Amino acid sequence: MADTAPESDQARPQGEETRRDFLILAAGAMGTMAAIGVAWPLIETMNPSADVLALSSTEVDISGIELGQTITVKWRGKPVFIRRRTQEEIDAARAVSLDDLSDAESDEARVQKDEWLILVGVCTHLGCIPLGNKIGDPRGDFGGWFCPCHGSHYDTSGRIRVGPAPNNLPVPEYEFLDDTLVRIG
Amino acid sequence: MRTQLFAIAAILGLVFAGIGSAFASGGAKEAPDHEWQHTGVFGTFDRGELQRGFQVFQEVCASCHSLDFIAFRNLVDIGFDAEQIKAIAAEYEVEDGPDDEGEMFMRTAKASDYFPAPFANPQAARASNGGAFPPDLSVIIKARDNGLNYLYALLTGYEEEPPEHFELAEGMSFNHYFAGNQIAMPEPLYEEAVEYADGTEPTLEQLAHDVSVFLAWTAEPELEIRKKTGLKVLIFIAIFTALIYIIKRRVWAKLH
Amino acid sequence: MTTPLHRYRIVQWIDYRLPIFSWTNEHLVEYPAPRNLNYWWNFGSLAGIMLVVQIITGVILAMHYTPHVDYAFNSTEHIMRDVEWGWMMRYLHANGASMFFVVVYIHIFRGFYYGSYKSPREILWWMGVLILFLMMGASFLGYVLPWGQMSFWAATVITNLISAIPWIGETLVQWLWGGFSVDNPTLNRFFSLHYLLPFLLCGVVFIHLWALHHRKSNNPLGIDVKSPKDTIPFSPYYTVKDMVGLGVMFFVLAIFVFYLPNFLGESINYIKADPLVTPPHIVPEWYFLPYYAILRAVPDKLGGVIAMVASIAILFALPWLDTGKVRSARFRPIYKQFFWIFLADCFVLGWVGANPPEGSFILIGRICTIYYFAHFLIILPLIGKFERTKPLPESIHQAVLAKKGGADASGAPPDSSAGSSPGGAQ
């Protein structure tokens, strides 16, 4: 009896501490999990909702577009220019040296089919919609588009040539489903 | 103290019974309990029932009832893939426009479109249905007390002939479960009303069961993930609370 | 006041300019709380947490909801179906409102039982009654927003009550509606006010807590704290105890949110509002049922409105209506019995409110309404005057020690000296 009593006195405080530490650790870990478990849905709930995501791609019938004509379609709330380029426009785009471009991109890299130029029609400067789609619109000095807000000029490949815009008009993700149907996004 | 707590619990039970009881009004019978796969704590939808129910809806109900809150893309939950959904949508036309002439036009439906309603507006719906309005069915199960059992009972609760001494108004049908016992909707389902694509025998009970499950899904498409998440949440909270309680006891034991 | 964190220079620098560390230490760590608080004291913090839950889920819902008669119902379904976790946010908010009322009602009845409304906590109590009024306003406004049948008709019935006010009633109700009936202007402004009220609530909660921290908490014995031996620091004792209560509350809330999300609601609210079709039974949410019963018990329209408002407003006078000098019902055997009867009366009123005003419900509703007011206006004043209270313990720590002493002794009853010491002195 007398032998075992001091031993158990020694053993208990240390066992106590480890058990207490474990409890605190476990509670802390679960508390962190709970905090993340609460925060995660709160963050995710602000993501685009299912109906918005459903409209994240749109199919466009391009069969009616004449040579040299541009149409504008709405995609993800923004205008998308689809231009059926003439041969002169294609050649003009190909003739440009990459050194002359502030945002250097070759025309070949910006189109899947030479005839069809598909761009997001939002100026990369401050977001206005460049002119050049309708007959009579100014097209700027390079035959493409002209942004009236601060004077950016885009060429026949939609690349920035003169003006405050830093980048070329973006090319969205798209896919030709067949000869008359293109899916954007 | 304990007896008083029990008294509170008993009264609470009374109150809940008072609130939750289905008021079967005007002689209508209360819907009996039917067996459902998805109503339990671990309940899930049977994809077969959902698809059959969808077929019943398309072929029978959709001629008069709209399903405004369901888009074709939602059918992925029923077990259709993107291609099948595109094909289903292509069977329908929806209004779009105005076009460049300022005219509205009809076009083939896409996955992102919602189910087109059979009538342009409630007035047109009433005109085609003897003055009665076929309600939208998207949330009908939640919009009726004991909705799931009620719908099944309603669909199987018609009588060809009303009982003796019952005055059935012109154009109405007798139903055991509808308030007032007369309903403007003629019996929509009967044996073999639909030929199931999966070959299941289309008895009246089967048709009513399947379309009820389909409508339970349209009312609560989040049901499966809700119950799954609930289980994880409850288990987590239970363990966490037990842990905190143990810590609480130890912290308080330190007093004296 | 220095805290352990003050060994860091940055803490000293901040605290010297804005004493957040000292303040937190004074009010949440070292704050002296009676050592004998039971779990009925958890419900104040639980109410505060539910207010936070409602505000967070509410702000999220407001990102996706459209307060226009043509879009409100649809936007709510959009939240349920298309918004990520939308169904959970919506069910949390709807069931959270119920949970908020559950904890607040228990919190109030704790106050009834232990005399927490008595001097010097009268203003603390008033702030509480104000909070209850604001909660009722906020939840009424919120219920209108989904624009279901019950949303519309409950709004119509309740706003129509205002027309009962003589002379100005008609004008007042049209001013509130923004038109000649509940319609789009009403919905729009109800949304705005529903967003506003919770922040007014936060303000009143702040004053409520300020008043509380000035005179400190009551306790189950109802006797004053007499020395530091009667108290323990709030942290870690009551922080960890509050967390236990929090876990239990969230567990119950989760059961409703994930498994019984529409149990407490009305099914007809899943039907779009139709001004031309009145539902057969118009019932408010469960937490309004007792007041609804009182409203309908009085056969006169204006009388019913006055009775309904008075049923809560009378609580402002409670510290004076209850003439008893002893706080806690533990030492007031007569009062204790009437407490339970009053509680039962409230439940019966709730049951009456849930049912159509027909048959025996009318009589029961009237009896219970009369009893409700009699409890405050007749019974409480009389009890205080004529009751014989049990002797109060000397002090809190003595009573706690006596209980512990009684538990350790081998079967002997608790130390009788503590029980029979001359009471009265508080």
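These are my notebook entries on the two interfaces that chain B makes, with chain A and with chain C.

**Ground rules.** I am working with a predicted model, in which local features need pLDDT of at least 70 and side-chain atom pairs count only at pLDDT 80 or more, while totals for chains, interfaces and linings use all residues. Residues are numbered from 1 along each chain as its sequence is written, chains are lettered from A and ligands numbered from 1 in the order in which they are written, and side-chain values use heavy atoms, with hydrogens and water left out.

**Chain B with chain A.** I looked up the contacts (heavy atoms within 4.5 Å) and found 12 residues of chain B against 15 residues of chain A. For the buried area, meaning the accessible area (1.4 Å probe) that two parts lose on being put together, summed over both, I noted about 1200 Å², with carbon and sulfur atoms giving 73%. On the chain B side, B:F236, B:L243 and B:R250 lose the most area to chain A, and together they account for 43% of what that side buries.

I then checked for salt bridges (a side-chain nitrogen of Lys or Arg within 4 Å of a carboxyl oxygen of Asp or Glu), and the rule finds 1 across this interface. It joins the side chains of B:K86 and A:E59, at 3.9 Å from N to O. Helix α7 of chain B, residues 223-253, supplies the largest share of the side that touches chain A, namely 8 residues; helices here are DSSP runs (H or I, at least four residues), numbered from the N terminus. By class, I recorded 8 nonpolar, 1 polar and 3 charged residues on that side of chain B, where Ala, Val, Leu, Ile, Met, Phe, Trp, Tyr, Cys and Pro count as nonpolar, Asp, Glu, Lys and Arg as charged, and the others, Gly among them, as polar.

**Chain B with chain C.** Here the contact takes 47 residues from chain B and 52 residues from chain C, and the buried area is about 4300 Å², of which carbon and sulfur atoms give 73%. In chain B, I listed B:F69, B:K142 and B:W252 as losing the most area to chain C, together 15% of what that side buries.

The rule again gives 1 salt bridge, which I traced to B:R73 and C:D82, whose closest N and O atoms are 3.2 Å apart. The elements of chain B that give two or more residues to this side are α1 (2-20), α6 (204-219) and α7, and α7(B) gives the most, with 17 residues. I closed the entry with the classes, which are 29 nonpolar, 8 polar and 10 charged residues on the side of chain B that touches chain C.
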